[in-house]
Amino acid sequence: MLDVHVVPEGFKEAERLLRGIKGGFETAVSLAINRGLVAGRKVAVMKIKERYAIKSGDLKERGMKIKEATKANPDGTLEAKGPMLPVSLFSGKAVGKGKNR
């Protein structure tokens, strides 16, 4: 399980610095959220690949969806759900360490 926490450090300073740019703060926040979602997906895929022999692209395409934040709605989500992935996506190689591979 992954926990993600947003720490609002620097929001007031960023808002102050971008005050003169129309929509600047909202754009900066939504872009930062979206970069965070992509980074979160990367970490999740790496954790899954530690245990299962599956290609990153297959996980991203079939099992993980990003709903991007926008200026109007600075709320983004990373969903990892859906039907079970077909066994054909998994290679036959063993992954992991120790006896319980």
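In the predicted model, the side chain of Asn34 reaches the backbone nitrogen of Ala69 at 2.7 Å, a polar contact in the sense of a pair of N or O atoms within 3.5 Å, where within protein one atom must be able to donate a hydrogen and the other to accept it, and where residues adjacent in sequence count only if both atoms are side-chain atoms. Asn34 is placed in helix 2; helices (H or I, at least four residues) and strands (E, at least two) are DSSP runs, numbered from the N terminus. With a relative accessible area of 12%, Asn34 is buried; buried means under 20% relative accessible area, exposed over 50%, and partly exposed in between (1.4 Å probe, protein chains only). When residues up to four places away in sequence are not counted, Asn34 touches Glu68 and Ala69, contact being defined by heavy atoms within 4.5 Å.

Residues are numbered from 1 along each chain as its sequence is written. The model is predicted, so that local features need pLDDT of at least 70 and side-chain atom pairs count only at pLDDT 80 or more, whereas totals for chains, interfaces and linings use all residues, and side-chain values use heavy atoms, with hydrogens and water left out.

The secondary structure of the protein comprises three helices and two strands, which follow the pattern α-α-α-β-β along the sequence. Of the 101 residues, 18% count as buried. The accessible surface amounts to about 8300 Å², and 57% of this surface belongs to carbon and sulfur atoms; accessible areas come from the Shrake-Rupley method with a 1.4 Å probe, and for residues only the protein chains shown count as cover. Among contacts between residues at least 6 apart in sequence, 51% join residues at least 24 apart.

A further buried polar residue is Asp58, which has a relative accessible area of 16% and is placed in helix 3. Its neighbours within four places in sequence being left aside, Asp58 is in contact with Gly63 and Leu89. Gly57 is likewise placed in helix 3, but counts as partly exposed at 34% relative accessibility. The C-alpha atoms of Gly57 and Val45 are separated by 9.2 Å, the two residues being twelve apart along the chain.

Aromatic pairing was assessed next. A pair of aromatic rings is described by the distance of the centres and the angle of the planes. Rings of Phe, Tyr and Trp (its six-membered ring) pair if their centres lie within 6.5 Å; planes under 30 degrees apart count as stacked, over 60 as edge-to-face and the rest as tilted. By this rule the protein contains one aromatic pair. The pair consists of Phe11 and Phe25 in an edge-to-face arrangement, at 6.2 Å centre to centre and with 80° between the planes. Distant parts of the chain are linked by this pair, with Phe11 in helix 1 (residues 11–17) and Phe25 in helix 2, 14 residues apart. Phe11 is partly exposed at a relative accessible area of 36%, whereas Phe25 is buried at 18%.

Helix 1 also contains the two partners of a salt bridge, Glu13 and Arg16. A salt bridge is defined as a side-chain nitrogen of Lys or Arg within 4 Å of a carboxyl oxygen of Asp or Glu, and one is counted by this rule. The closest N and O atoms of Glu13 and Arg16 are 2.7 Å apart. Because the two residues are three apart in helix 1, Glu13 and Arg16 are separated by about one helical turn. Both partners count as partly exposed, Glu13 at 39% relative accessibility and Arg16 at 42%.

Two loop residues provide further C-alpha separations. Gly23, in the loop between helix 1 and helix 2, counts as partly exposed at 21% relative accessibility. Gly23 and Ala72 are 49 residues apart in sequence and 9.7 Å apart in space, C-alpha to C-alpha. Asn73 is found in the loop between strand 1 (64–67) and strand 2 (77–80) and is partly exposed at 37% relative accessibility. For Asn73 and Glu26, 47 residues apart in sequence, the C-alpha to C-alpha distance is 9.0 Å.

At the surface, Tyr52, Val87 and Phe90 make a nonpolar patch of about 300 Å². Patches are made of residues with over 30% relative accessible area and no salt bridge, like charges being joined within 9 Å and nonpolar side chains (Val, Leu, Ile, Met, Phe, Trp, Tyr) within 5 Å. Tyr52 lies in the loop between helix 2 (24–51) and helix 3 (56–63) and counts as partly exposed at 42% relative accessibility.
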